[in-house]
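User: I am new to this structure. Please take a close look at one helix and its charged side chains, and tell me how that part fits into the rest.

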Amino acid sequence: MIRSLLAFAVLAALAVSTQAFVVPSIGQPALATPTTSLDASRVNAKQEKRKRNRDNMRKFKKGGRRGTSRKKMMRKLQSSAARQIENEFIAKCFITVPPPNSEEKA
């Protein structure tokens with residue numbers, strides 16, 4: 001009895017699930033979509049995309065002095081000048097220091 005009910009339930013489930021795989025008849029249109037509203041939104045989307053691309057081109061453009069402010073350039077010049085002075089000082093320190101054990105030989 002339980003086997004026959006189980007078999008019947010399986011057959012009913014198969015019958016219901018096969019309706020999803022049936023091809024609709026040729027006489028009925030599958031999907032009727034209005035093309036005018038889609039075309040209008042598509043043109044608008046294209047215009048928006050052009051605008052976004054233009055903005056991104058301006059934002060990520062390379063070349064010129066873009067991205068370096070006057071303050072940054074002045075700091076860079078000052079730091080390079082300070083670095084040069086420091087390097088000269090360090091060079092003088094090592095040049096003027098007598099080598100070790102030089103007093104014993106003299």
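Analyst: Start with a cut-off. A residue is buried under 20% relative accessible area, exposed over 50%, and partly exposed in between. Lysine 46 has a relative accessible area of 42%, so this residue is partly exposed. Keep in mind that this is a predicted model.

Where does lysine 46 sit? Its place is helix H2, which covers residues 35-59. Lysine 46 also belongs to a surface patch of positive charge. The other members of that patch are Arg42, Arg50, Lys51 and Arg54.

Now move on to a pair of opposite charges. Arginine 58 and aspartate 55 both belong to helix H2. They are three residues apart, about one turn of the helix. Their side chains form a salt bridge, with 3.5 Å from N to O. How many salt bridges does a search of the whole structure find? It finds one.

Are the two partners buried or exposed? Arginine 58 has a relative accessibility of 52%, and the limit for exposed is over 50%, so arginine 58 counts as exposed. Aspartate 55 has a relative accessible area of 38%, which lies between the two limits, so aspartate 55 is partly exposed.

Next, set helix H2 in its chain. The chain has four helices and zero strands. From the N terminus on, the order reads α-α-α-α. The chain holds 106 residues, and buried ones make up 0% of them. About 11,000 Å² of the chain is exposed. Carbon and sulfur atoms supply 63% of that area.

For another kind of surface, turn to helix H1, residues 2-17, where leucine 6 is placed. Leucine 6 has a relative accessibility of 57%, over the 50% limit, so leucine 6 counts as exposed. Together with Val10, Leu11 and Leu14, Leu6 makes a nonpolar surface patch of about 400 Å². The patch with lysine 46, by contrast, is one of positive charge.

Last comes confidence. The mean pLDDT of the chain is 78. Of its residues, 66% reach 70 or more. Which helix has the highest confidence, and which the lowest? Helix H3, residues 70-96, is highest, at a mean of 91. Helix H4, residues 102-105, is lowest, at 62. Where pLDDT is low, the predicted coordinates should not be read in detail.

Technical notes. Residues are numbered from 1 along each chain as its sequence is written. This is a predicted model: local features need pLDDT of at least 70, side-chain atom pairs count only at pLDDT 80 or more; totals for chains, interfaces and linings use all residues. Side-chain values use heavy atoms; hydrogens and water are left out. Helices (H or I, at least four residues) and strands (E, at least two) are DSSP runs, numbered from the N terminus. Buried means under 20% relative accessible area, exposed over 50%, partly exposed in between (1.4 Å probe, protein chains only). Accessible areas come from the Shrake-Rupley method with a 1.4 Å probe; for residues, only the protein chains shown count as cover. Patches are made of residues with over 30% relative accessible area and no salt bridge: like charges are joined within 9 Å, nonpolar side chains (Val, Leu, Ile, Met, Phe, Trp, Tyr) within 5 Å. A salt bridge is a side-chain nitrogen of Lys or Arg within 4 Å of a carboxyl oxygen of Asp or Glu. Lys and Arg count as positive and Asp and Glu as negative; His and the chain ends are not counted. The place of a charge is taken as NZ of Lys, CZ of Arg, CG of Asp or CD of Glu. pLDDT is the predictor's confidence in each residue, from 0 to 100.
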